[in-house]
Amino acid sequence: MEDLAELYLKNNIVSRKYSGDALHIAIATVISVDVLVSWNFKHIVNLDKIKKFNAVNLNEGYHILEIRTPKEMINYE
């Protein structure tokens with residue numbers, strides 16, 4: 001998990017200042033969560049960053065990580 005987070009940092013997806021966010025994504029990826037839900041629009045729920053996280057994930061043999069906002073996960077039925 002730490003190695004994967006380090007790859008996110010080396011690929012400049014997030015800066016070292018936000019290494020906790022990189023680790024958060026790496027943990028979710030390695031344990032194969034179905035969906036990561038977050039309000040963090042700057043570093044996590046950001047389409048450009050999601051694509052970059054997933055490019056690293058696929059390159060490292062992991063699955064694509066679905067990242068959504070809590071609002072997207074609410075069922076209004």
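Start the tour by selecting serine 32, which counts as partly exposed at 45% relative accessibility. The model in your viewer is a predicted one, and every value quoted along the way should be read with that in mind. Serine 32 sits in the loop between H2 and strand E1 (35-37), and if you display its backbone torsions you will find a positive phi of about 60°, although serine 32 is not a glycine.

A second residue with this backbone feature is found in another loop. Select asparagine 12, in the loop between H1 and H2, where phi is near 55°, again a positive value in a residue other than glycine. Asparagine 12 is exposed, with a relative accessible area of 63%.

Stay in the loop between H1 and H2 and move to valine 14, which also lies there. Is valine 14 buried or exposed? At 4% relative accessibility, valine 14 counts as buried, since the cut-off for that class is under 20%. To see what surrounds valine 14, show its contacts while leaving out residues up to four places away in sequence: the residues it touches are Tyr8, Leu9, Ala22, His43, Lys49 and Phe53. For one of these, a distance label is worth adding, as valine 14 and lysine 49 are 35 residues apart in sequence and 8.2 Å apart in space, taken from C-alpha to C-alpha.

Next, turn to the helices, beginning with H1 (residues 2-10) and H2 (residues 19-30). Two packed helices are described by the angle between their axes and the distance between the axes. For H1 and H2, the axes come within 8 Å and cross at roughly 130°, which makes H1 oblique to H2. The crossing of this pair, H1 and H2, is right-handed. To bring up the contact itself, select Glu2, Leu4, Ala5, Tyr8 and Leu9 on the H1 side, together with Ser19, Ala22, Leu23, Ile25, Ala26, Thr29 and Val30 on the H2 side. Colouring this selection by class gives nine nonpolar, two polar and one charged residues in the contact of H1 with H2.

Keep H1 on display and add H3 (residues 47-59). H1 and H3 pack at an angle of about 130°, with their axes 10 Å apart, so that H1 is oblique to H3. The crossing of H1 and H3 is right-handed. Which residues of H1 and H3 meet? On the H1 side select Leu4, Leu7 and Tyr8, and on the H3 side Phe53, Val56 and Asn57. The residues of this contact, between H1 and H3, divide into five nonpolar, one polar and no charged. Leu4 and Tyr8 of H1 are worth highlighting, for they are listed both in the contact with H2 and in the contact with H3.

The last part of the tour follows the charged side chains. Side chains of opposite charge can pair when their charged atoms come close. How many salt bridges are counted in the model? The count comes to three, and each can be selected in turn.

For the pair formed by glutamate 6 and arginine 16, the closest N and O atoms of the salt bridge are 2.4 Å apart. Glutamate 6 lies in helix H1 and arginine 16 in the loop between H1 and H2, so the pair ties together parts that are ten residues apart in sequence. The two partners fall into separate accessibility classes: glutamate 6 counts as partly exposed at 26% relative accessibility, whereas arginine 16 counts as exposed at 52%.

Now return to H3 and select lysine 52 and aspartate 48, whose side chains meet in a salt bridge with an N to O distance of 3.2 Å. Because they are four residues apart in helix H3, lysine 52 and aspartate 48 are separated by about one helical turn. Lysine 52 is partly exposed, with a relative accessible area of 38%, and aspartate 48 counts as partly exposed at 44% relative accessibility.

End the tour with arginine 68 and glutamate 66, whose side chains meet in a salt bridge at 2.5 Å, N to O. Arginine 68 counts as partly exposed at 30% relative accessibility, and glutamate 66 is partly exposed as well, with a relative accessible area of 31%.

Note on methods. Residues numbered from 1 in each chain as written. Predicted model: local features only at pLDDT ≥ 70, side-chain atom pairs only at ≥ 80, totals over all residues. Heavy atoms only, no water. Axes fitted to C-alpha atoms, helices over the stretch in contact; angles between N-to-C directions. Helix = DSSP H or I, 4+ residues; strand = E, 2+ residues; numbered from the N terminus. Parallel < 35°, antiparallel > 145°, perpendicular 65-115°, else oblique. Left-handed = near helix turned anticlockwise from the far one by under 90°. Contact = heavy atoms within 4.5 Å. Nonpolar A, V, L, I, M, F, W, Y, C, P; charged D, E, K, R; others polar. Salt bridge = Lys/Arg side-chain N within 4 Å of Asp/Glu carboxyl O. Buried < 20%, exposed > 50% of the residue type's maximum accessible area, 1.4 Å probe, protein only.
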